[in-house]
Amino acid sequence: MYNLANKRVLLGVTGGIAAYKCAELVRRLREQGAEVQVAMTRGAREFVTPLTFQALSGRPVRTELFSNEAEAAMGHIELARWADCVLVAPASANFIARLAAGLADDLLTTLCLATTAPIALAPAMNVQMWNNPATSANVRVLKERGVILFGPATGDQACGETGPGRMLEPGQLVEALTLLFQREDRLRGQCVLITAGPTQETIDPVRYISNRSSGRMGYALCKAALNAGAEVTLITGPVALEPPAGARVVQVRTALEMRDAVMAEAGQADIYIAAAAVADYRCAEDAATKIKKTAGILTLRLTPNPDILAEVAALPRAPFTVGFAAETESLREHAKAKLAGKHLDMIAANLVGEGKGFERPDNALEVYWQGGERSLPLAAKERIATQLMELIADRYHEKNKN
Ligand code: C5P
């Protein structure tokens, strides 16, 4: 059996002595059934010739961003879309810094910026360069953005020093890539329905009641579900975010619109993730004309909105249902009460207020399910979303085994 059958691996080779090991890497990837397209930086070509990789990969090696001939065969955006995974091996300190800075000044950085496929780096550099705080900071930024690190290993280096900075061996890289694809495929063929953002509850034609949800968590979960191979429908309240490419997006404004959109989709969903901050109340009277200012107190009467999450969980053939609980205190008690009370499969709870949760790029979650719990410590919402999606996939498959 081929572990990487039909997987399309875009192998970026950057300038480091470990580049010579990538000839063996290409051979092994092909042996496992992968299609391999090599892209080399200028530095890499100082160590190995493109012809070596061309012979082993069976494809012309890409080296230039502005090459009429190569672009005519497959443009760089097309190439970025072609890849199921981008593996940069060896990843030099310079390349890592350029990726962290978001540069797109050569073919490989441009491909990394343009791809939605997972990016894995196999760093290879002198131990001092790896330990340098600048490199550590760059690696941290990249990890937060979901870039995956393979290695580096610790041991003897080509420069004569010993320590961390050695590129993993080709066999280890093939193994790591195989595991990555297994994880990536965990929700292939499953339909995931996600709600995100706030809702806006109409007061009159120009005013509404809303909340401070940015939608970032829901959008990051959408991306994580797509990365896990799922078919994703995102039902979103009004937010200032670009929906991830590949998701089917339904825009809504009010809680009632969100409920209608969710109930229309829930029957087909395998997993439902309620990340939206749905308004608990809407105005009892929806004024047809703008409410005039007067000197006296204005009273708005509010009526409860339907609890969409509880409605989905109560369906006869309910999807695997995941709720969120944003609390200002007693996180554990409230979250566990909601898990049981709404008959959920899982709940992800976070503290809000005092600079936590809303309107922030990072988050920390306490996740509970029947018979288990897990803490996901503070990290970028993208990273938290990937971890939560892995937990969801674990529990979902566990439930469906029985
Ligand atoms: O009970 P509480 O509103 O704190 O529960 C929060 C969870 O319920 C979130 O997952 C949210 O998306 C969902 N919810 C809902 N419909 C509502 C209110 C909350 O689906 N009307």
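I take buried to mean under 20% relative accessible area, exposed over 50%, and partly exposed in between. I note also that I am working from a predicted model.

**Entry 1: Lys-338 and Glu-327**

I looked up Glu-327 and found a relative accessible area of 9%. Since the cut-off is under 20%, Glu-327 is therefore buried. Its salt-bridge partner is Lys-338, with N to O at 2.8 Å. I checked Lys-338 as well: the relative accessible area is 28%, so I enter this residue as partly exposed. Which elements does the pair tie together? I find Lys-338 in helix H13 (residues 331-341) and Glu-327 in strand S16 (residues 320-327), so the bridge ties together parts that are 11 residues apart in sequence.

**Entry 2: the network with Glu-24**

I then noted that Glu-24, Arg-27, Arg-28 and Glu-31 are joined into one network by salt bridges that share partners. I looked at one pair in detail. Glu-24 and Arg-28 form a salt bridge through their side chains, at 3.0 Å from N to O. Both residues belong to helix H1 (residues 21-31), where they are 4 residues apart, about one turn of the helix. For accessibility I recorded 27% for Glu-24, which is partly exposed, and 33% for Arg-28, also partly exposed.

**Entry 3: Arg-216 and Glu-382**

Next I looked up a salt bridge between Arg-216 and Glu-382, whose closest N and O atoms are 3.1 Å apart. How many residues separate the two in the chain? They are 166 residues apart, and the pair links distant parts of the chain. I place Arg-216 in helix H10 (residues 216-227) and Glu-382 in helix H14 (residues 381-401). Arg-216 has 28% relative accessibility and counts as partly exposed. Glu-382, at 31%, is partly exposed too.

**Entry 4: salt-bridge total**

For the structure as a whole I have 23 salt bridges on record. Those I described above include Glu-24 with Arg-28, Arg-216 with Glu-382, and Lys-338 with Glu-327.

**Entry 5: cysteines**

I turned to disulfides and got a count of 0. I checked Cys-159, which is in no disulfide; the nearest cysteine sulfur belongs to Cys-22 and is 17 Å away. Cys-222 is in no disulfide either, the nearest cysteine sulfur being that of Cys-191, 13 Å away. A disulfide needs the two sulfur atoms within 2.5 Å, so pairs beyond that cut-off are not counted. Is Cys-222 buried or exposed? I find 0% relative accessibility for Cys-222, so I enter this residue as buried.

Technical notes:
Residues numbered from 1 in each chain as written. Predicted model: local features only at pLDDT ≥ 70, side-chain atom pairs only at ≥ 80, totals over all residues. Heavy atoms only, no water. Salt bridge = Lys/Arg side-chain N within 4 Å of Asp/Glu carboxyl O. Buried < 20%, exposed > 50% of the residue type's maximum accessible area, 1.4 Å probe, protein only.
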